Amino acid sequence: MQSPTGKTSFVDVLVVGAGPSGSMLAFSLMKAGVSTRIIDKKDAPVDRGHADALQPRVLEVLRSHGLVDKAIALGNKINTTAIWHPGPDGGIERVSRIPNITAPRGLYPFNLTNHQGAHEAIFTDEMPKYGGIVERPYAPCSLSIDEDKADDADAYPVTVEIENVHDPSEKETVRAKYVVGADGAHSWIRRSLGIQAVGDHTDRCWGVIDFVPDTNYPDIRATSQVHSSTGFCLIVPREDDMVRLYIPLDETERYLDPVTKRVNIAAVNPDDLLEIAKRAFRPYYMNAKQGYHWFTVYVVGQRVAQRYSAFNRVFLSGDACHTHSPKAGQGMNAGINDAHNLAWKLAYVVRKWADRKLLDTYEYERRQFAVDLINFDKKYVAMFESMAKHGKDSIDPVLHSKAVQTFGLFKNGIGIHYAESMIVKNPVQSIAKHITVGKRFPPEIILVARDDKVTQIHDILLSDSRFKVLIFTGDIYEEGRSEVVKAVADKFVEGKLTTERSYVGRNRIDTMRMVDTFTIVKGSKGMVRYWDVPESLYTHWTRVFIDDVDITGEQGGHAYQNFGISDEGALVVVRPDGYVGLVTELSNAEGVLGYFRSWEIPMGTKTV
């Protein structure tokens, strides 16, 4: 295992904290060839409990990295939500059973649960492939920024002294171009920068227990919201036959340290928590014959950092910049999406492909999402608090079911919508009515033109740090259409859109395209010849597609219709994180070039 040397070292990006957000960020940067180190103060990863549920959008992100199959193989799928209310005989009765995920056009109609350490390992297990590892147990003890060099692209203006948490005499000075604090709700990095987390918290404590249940409750393997006349409980099914119970607690002061007002875990007895939960399940029984895998008590805090960076050199990610209740399953997911948003932007700036102003869009996009998330979380928690406080008359069963489904549209992460900016431009949304600029590109089936291979379009939108320009040509054999497509190709060549660029990778000079192009033709199997598309628009025949039904007649053939694209075609720019940056007319190749000119550093520019 690597350890600090007591000397001074240099790195492009130092990530502090190896939770889900920090691990995802460090993995993404290492994969992109960025010189990266990640440290964590814990001796080992967590091996139980903590954050547990991955939402559909994060599963799509994992798919874009080639990691989703591994996650699904190890986790537990939750397909259904059951809602129970007080019954006529004093017990409880099921009032509805609804899909756990209600997202339209999503690839994953389920949540995936596992303990937090397993989710972190999805990323940390990949790091050695790229020469990295989580360095433990090290923590920062001082941080400074040379403000005079903050805008110097070649400088290492951030100085961080790190130390072994068990032996403070073992220190190392790290000089970094960028530092990311992904070090949790009580972030040392955030406090060192003097950034306040603003917001509030509820007055109630909630207990959490993970265990293998002995029970006759019928919906134990569904997410369950159990509201009875004598109590309330939320059930989340877990891996290895476990479940997690969220239990509202009335005796709040009993669990808090009188001085710090933080939870005193020594005062928590999981048997007491289960006894409280049992009240909600009558007449069903619920026991923990095998003991408890993990337990805790928490107070719901809903806060967001006033700002997400200092001089665009030190950034905050994950719980370091936003906290909310765990019941909506958003903390880990929001943190992973923070990392997904920031990683490609840091990579582009480090490579000197983009002006540093691109980094402004991280806070602009992700802080607004956090504010929206906390507003959602307050409503979501209020619903649970109402059921916990007011007994059987707190909420109508039908309204309860509708509320769960409405909240679900936000929870799944697919509805994230970034506002207009230098990388989200929306001049002609009507060209593709159902591809929303600022949202993730929607999934759809298309076919490879040459061999009719069924392809999910998300599988060409990989997280490989490249932009994708999707060229919807319409029918290229229609009179005059081939000339339009050729003009697009010529303009892209003239503008060097797909020319390979150089950058300093790990210990060597690498080259790659910043932009890949893919062509989707409106045409039939066997009729579209891939070589009728200008050669400069594809690097291989597998990058020319058709919108037609597959050979079985069961998949495909609806891409143009589902995207709202007419026979006139369209050009769509998809960012490296899978979000739509631009939709414009097929003839507007100049508009695509202009999209990049607003923030990129042109090739051939002297940057050193």
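# Hairpins, sheets, helices and cores

Me: How many residues lie between β14 and β15 in the hairpin that they form?
Reply: The model is predicted. Strand β14, residues 223-227, runs antiparallel to β15, and four bridges join them. Between the two strands of this hairpin, the number of residues is four.

Me: Which residue of β15 is the bridge partner of Val-226?
Reply: Val-226 falls within β14, which spans residues 223-227 and is joined to β15 by four bridges. Its bridge partner in β15 is Cys-233.

Me: Which residue takes a positive phi in the hairpin of β15 and β16?
Reply: Strand β16, residues 243-249, runs antiparallel to β15 and is joined to it by four bridges. Across this pairing, Val-236 stands opposite Arg-244 of β16. The hairpin has five residues between its strands. A positive phi near 55° is taken by Asp-240.

Me: Are the residues of β15 that point either way from the strand buried or exposed?
Reply: In a regular strand the side chains alternate between the two faces of the sheet. In β15, Phe-232, Leu-234 and Val-236 point one way, while Cys-233, Ile-235 and Pro-237 point the other way. Six of the six residues of β15 are covered in this sense. On either side, then, these residues are buried.

Me: Which strands stand at the edges of the open sheet β3-β7-β4?
Reply: This sheet has three strands with antiparallel pairing. Strand β7, residues 111-113, pairs with β4 over three bridges, and Ile-78 has Asn-111 of β7 as its bridge partner. An edge strand has a single partner strand, so one side of it is left without a neighbour in the sheet. The strands in that position are β3 (53-54) and β4 (76-78).

Me: Which strands are the edge strands of the open sheet of seven strands?
Reply: The order of this sheet is β23-β22-β28-β27-β24-β29-β30, and its pairing is mixed. Neighbouring strands are turned by 30° against each other on average, direction ignored. Each edge strand pairs on one side only, and the two are β23 (454-456) and β30 (580-584).

Me: Which residue of β23 does Leu-447 stand opposite?
Reply: Strand β22, residues 445-448, pairs with β23 in the antiparallel sense over three bridges. Leu-447 stands opposite a residue of β23, namely Val-454.

Me: Are α2 and α7 parallel or oblique to each other?
Reply: Two packed helices are described by the angle between their axes and the distance between the axes. The axes of α2 (residues 56-64) and α7 come within 10 Å and cross at roughly 40°, in a left-handed crossing. Arg-57, Val-58, Val-61 and Ser-64 of α2 make the contact with Asn-333, Ile-336, Asn-337 and His-340 of α7. Because of their angle, the two helices are oblique.

Me: What is the crossing of α1 past α7, left-handed or right-handed?
Reply: The axes of α1 and α7 come within 8 Å and cross at roughly 25°. That angle makes α1 roughly parallel to α7. The residues that meet include Met-24 and Leu-25 of α1, and Ile-336 and Leu-346 of α7. The crossing is right-handed.

Me: How many of the nine residues of α4 are buried?
Reply: Helix α4 spans residues 116-124 and is mostly covered. Among its buried residues are Gln-116, His-119, Ile-122 and Phe-123. The buried residues pack against α1 (20-31), β3, α2, α3 (68-74), β7 and α7. Of the nine, the number buried is seven.

Me: Which helix supplies the largest share of the largest nonpolar core?
Reply: In soluble globular proteins, nonpolar side chains tend to be buried together. The largest nonpolar core here has 105 residues, and Leu-62, Phe-492, Phe-596 and Trp-599 touch the most other members. The largest share, 11 residues, comes from residues 331-350, which form helix α7.

Me: How many residues are in the second, separate core?
Reply: In the largest nonpolar core, Phe-492 is among the residues that touch the most other members, and its contacts include Val-469, Ile-471, Leu-537 and Leu-593. The second core is separate and includes Ala-432, Ile-446, Ile-520 and Val-580. Its number of residues is 35.

Key: Residues are numbered from 1 along each chain as its sequence is written. This is a predicted model: local features need pLDDT of at least 70, side-chain atom pairs count only at pLDDT 80 or more; totals for chains, interfaces and linings use all residues. Side-chain values use heavy atoms; hydrogens and water are left out. A nonpolar core is a set of buried Ala, Val, Leu, Ile, Met, Phe, Trp, Tyr and Cys residues joined through side-chain atoms within 4.5 Å. Buried means under 20% relative accessible area, exposed over 50%, partly exposed in between (1.4 Å probe, protein chains only). Contact means heavy atoms within 4.5 Å. Two strands pair if DSSP finds at least two bridges between them. Axes are lines fitted to C-alpha atoms, for helices over the stretch in contact, and angles run from 0 to 180 degrees between N-to-C directions. Angles under 35 degrees count as roughly parallel, over 145 as roughly antiparallel, 65 to 115 as roughly perpendicular and the rest as oblique. A crossing is left-handed if the near helix is turned anticlockwise from the far one by less than a right angle, and right-handed if clockwise. Lists of a residue's contacts leave out its neighbours within four places in sequence.
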